[in-house]
Amino acid sequence: MDPGMHYTEAREKEFWAKQGGAWIRYIVAVTFQSLDRNITEVLEQHCHRPLVNGVHLALDWVFATQKDALRAGDFAKHHIVKRGHRGSHPIDRFKESDYYGRRGSRNTLAIYADKQYRHGAGYACHLEARLQGRAALTERGIRSLRDLLTFDHRAFWQRNLRLVVFDRRRLGKRVTGRHLSSAPRITGHGAFIYDNDLRAGDTYIRAAGSPTAVLATLRQHGMAAAGVYHEFDHTAYLP
C-alpha cells in the first residue's frame, strides 16, 4: 500500500489487549511514513478497530544547502526546551541525532540536520516529536486512524515548540549563589578583562549540554530558573 510501510510479524504472546472482557490478539504491527484517506479506508475494511499506539510528528526547516541545515540544527539544539521534562540528563546522542527524553518514554523529541529533505529538494533540519502509548496519544486527541487525517500539526507545534535564550551573566550569578541584581564580578589580568559571572554561565551551559538540561539541573539542585532566561517568539518557525 505504501512504499514507506514497515511490516512486523507478531511474535508469540505479542500484541495482546483486553477489550470488552475478552482478550484480543493483534497479529501484525504496521508502520507508515505517512497516512492518507485511502490507506485508512483499506485498514478499516480489513482490520477490526486498528489501534494507533505510536505517532511521530515531524517539523522540517528546509534549506538549499546542507551547511545551512546544519546551522539550523545547531540553533535548535541551543534554543529548544522540551516541555514537561523533569530529568537531569535529557539527551542521548546517536551519530548526528540528539534525543530529548529517556529512551522508550512516551514523549521524546529527536533533532537531526544532516540528511536530505525527504519530500523534495534541499536539506532539512528535522524536529520529530515521538509519542508512544495510548495515553499519550489520547491526551492530544488521537484515538483512531481518522484522527490523524484531521490532526492540526500547526496547533501542536504552537503549543510544544519552546525556544529560549539565556542571560548567561545572570545564570552565572544564580549558579554561584549571587543575587541577580548584584554588581558584575570583573577581574583584570593586565590588558585581559575576565567576566567571572559570564564565564560561570557559559561553563554551566556547556556542561549541561542543552537548554533543557540547564533548566532540569537547576530544578534538581533547588535553584529557581526565573530571571535567567526568556522565551522568544517562535511564529516564524512553525509549519
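**Exercise 1. Find the residue that follows helix H6 and describe its phi.**

Right after H6 comes Gly177, with a positive phi near 80°. Helices here are DSSP runs of H or I with at least four residues, and strands are runs of E with at least two, numbered from the N terminus. Before going on, note that this is a predicted model, where local features need pLDDT of at least 70, side-chain atom pairs count only at pLDDT 80 or more, and totals for chains, interfaces and linings use all residues. Residues are numbered from 1 along each chain as its sequence is written, and side-chain values use heavy atoms, leaving out hydrogens and water.

**Exercise 2. Work out which residues of H6 are buried and what covers them.**

Step 1: H6 spans residues 168-175, and Leu171, Gly172, Lys173 and Arg174 are buried there. Buried means under 20% relative accessible area, exposed over 50%, and partly exposed in between (1.4 Å probe, protein chains only).

Step 2: The cover includes strand S10 (164-166), helix H7 (196-208) and helix H8 (211-220).

**Exercise 3. Place Arg162 and find its polar partner.**

Step 1: Look in the loop between helix H5 (153-160) and S10.

Step 2: Arg162 is buried, because its relative accessible area is 14%.

Step 3: Its side chain makes a polar contact of 2.9 Å with that of Glu231. Such a contact is a pair of N or O atoms within 3.5 Å; within protein, one must be able to donate a hydrogen and the other to accept it, and residues adjacent in sequence count only if both atoms are side-chain atoms.

Technical notes. Contact = heavy atoms within 4.5 Å.
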